[in-house]
Structure formats: C-alpha cells, structure tokens
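Reader: I'm new to this and a bit lost. Could you pick one part of this model and walk me through it up close?

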Amino acid sequence: MADAVNNSPSITTFGLLRHGQTEWNVLKKIQGSADSPLTTKGREETGQWADTLKKYSWDRIIASDLGRVRATVEIINQKIHLPVTFDPSLREQCWGDWEGLTIPFIQKKHKEDLARRVAMGWDFSAPGGETRRAVKDRVLATLLLYAKKWPGKKILVVCHQGVVKSLLYSITKREFLPGEDPLLQHNCLHLISCTRQEFSSVELNIPRRPEP
C-alpha cells in the first residue's frame with residue numbers, strides 16, 4: 001500500500017517493477033541482454049500500472065536502458081511525469097549462448113547441463129553468461145550509489161525479473177536453489193528500503209489495482 005512508502009529523510013525507498021510483457025515473453029524466448037518489443041497486452045497493462053503508481057508519490061525513476069524497459073517507462077511517465085535516469089547497470093542477467101532460445105528447447109536439449117547449473121544456486125549462469133551473484137552484486141552497488149545520491153527519496157526502479165528476483169532473494173537470504181518456496185508473484189510491485197548501506201524488504205507482491 002502507499003502508506004508503506006517511508007518518508008524518513010534517512011531512509012531511501014525503492015519500488016521494484018518489471019517491464020511490460022514482450023513478444024519474446026509470449027514465445028518463452030530468453031531475452032537477457034537482447035531485446036524485443038512490448039506486446040499490445042504489455043502496453044495496456046503498463047498503462048494500468050501508471051494509475052496505481054501515482055498513489056506512491058515517487059520522486060524519480062531509475063531504469064535499465066534496454067528497449068523494453070524504455071518503452072515501459074515512456075508509458076508510465078505519461079501519467080506520473082518524473083525525471084528518469086537510464087542506467088545499463090540495471091540490465092537483465094546476460095544469458096550468453098542461450099539468449100534467443102526458448103525455455104522448452106533448453107529444457108529438452110540441455111536438460112542435464114541446465115539441472116547442473118540450476119543446482120549451483122547463486123552461481124548459476126548460462127554458457128557464456130553472467131551469474132546470478134554478479135547480477136546481485138552490480139545491482140545492489142548501483143542502488144546504494146543512488147541511495148547516497150538521493151537520501152530519503154522514493155525511487156521507482158523499472159527493470160527486469162531476473163534483477164528483481166536477485167535483489168529480493170539476496171535481501172531475504174534465499175539460496176536460489178530448487179525446492180525453495182516461491183517468494184514472488186508475477187508482475188507485482190515490491191518495496192525495499194536502504195538505511196546506512198543496508199537493504200531490507202518493506203512490502204512484496206503489491207498487485208496492479210484496477211481503476212475505480
């Protein structure tokens with residue numbers, strides 16, 4: 001809820017939001033550092049998010065610089081009108097040789113290799129790609145810099161599911177291993193705070209609310 005956003009001058013609040021649905025999402029293709037356009041549904045749902053986000057009184061937006069995020073921010077910002085900083089440090093995890101392949105194809109053709117990699121938890125990476133640990137480290141470092149630059153502000157972070165998941169799994173001390181109970185619901189807003197260089201979760205899985 002909007003009341004969960006802290007107004008203390010010593011606490012920087014970040015809202016984490018994934019980009020809208022893309023054409024590759026529908027096809028179950030791995031995007032990673034590659035890109036594809038938003039679908040009609042993705043654009044419509046993003047517009048609906050704008051109405052919900054207005055209630056939180058954000059001060060600014062920081063976002064990944066990939067095209068699907070830029071398109072998402074453009075739609076949102078037609079209604080909330082905030083200054084925007086696009087930062088490549090907020091890009092999705094690079095999936096290397098598996099970018100552009102579908103998830104079912106990887107599960108079928110690389111079954112054993114995929115299982116071995118998934119069992120590595122935070123050290124999971126696709127062949128030639130980036131580990132989850134590396135994603136977590138670069139994104140936490142980036143948000144810490146923004147918390148120092150804009151202390152006490154409320155900042156909406158528009159990025160990617162892998163980025164959001166790595167951040168929240170780190171904050172909540174998850175091991176990123178198979179069998180863990182699900183933490184996140186799909187396409188929700190999540191609030192975290194930063195105080196004295198420490199991050200904590202405030203509220204997870206805030207749904208997009210329909211217009212009254």
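Author: Sure, but one bit of vocabulary comes before the sheet: two strands count as paired if DSSP finds at least two bridges between them. Keep in mind, too, that this is a predicted model.

Now take β1, residues 12-18, which runs parallel to β4, residues 154-159, and is joined to it by six bridges. Look at L16, for example: its bridge partner in β4 is V157. Both strands belong to an open, mixed sheet of six, ordered β3-β2-β4-β1-β5-β6. β3 (84-86) and β6 (198-206) sit at the edges with a single partner strand each, so one side of each has no neighbour in the sheet. On average, neighbouring strands here are turned by 20° against each other, ignoring direction.

L16 and V157 turn up again in the largest nonpolar core, which has 28 residues: they are among those touching the most other members, as are F14, I62, L143, I192 and F199. β1, β4, β5 (189-195), α6 and α7 each supply at least two residues of this core, and α6 gives the largest share, seven. One to click on is L143: leaving out residues up to four places away in sequence, L143 touches F14, I62, L90, V157, L167, I192 and F199.

L143 also helps α6 meet α7. Helix α6 (132-149) packs against α7 (161-171) at about 85°, with the axes 9 Å apart. The two are therefore roughly perpendicular. On the α6 side the contact includes V139, L140 and L143, and on the α7 side V163 and L167. Its residues split into six nonpolar, three polar and two charged.

Notes. Residues are numbered from 1 along each chain as its sequence is written. This is a predicted model: local features need pLDDT of at least 70, side-chain atom pairs count only at pLDDT 80 or more; totals for chains, interfaces and linings use all residues. Side-chain values use heavy atoms; hydrogens and water are left out. Helices (H or I, at least four residues) and strands (E, at least two) are DSSP runs, numbered from the N terminus. Axes are lines fitted to C-alpha atoms, for helices over the stretch in contact, and angles run from 0 to 180 degrees between N-to-C directions. Angles under 35 degrees count as roughly parallel, over 145 as roughly antiparallel, 65 to 115 as roughly perpendicular and the rest as oblique. Contact means heavy atoms within 4.5 Å. Ala, Val, Leu, Ile, Met, Phe, Trp, Tyr, Cys and Pro count as nonpolar, Asp, Glu, Lys and Arg as charged, and the others, Gly among them, as polar. A nonpolar core is a set of buried Ala, Val, Leu, Ile, Met, Phe, Trp, Tyr and Cys residues joined through side-chain atoms within 4.5 Å. Buried means under 20% relative accessible area, exposed over 50%, partly exposed in between (1.4 Å probe, protein chains only).
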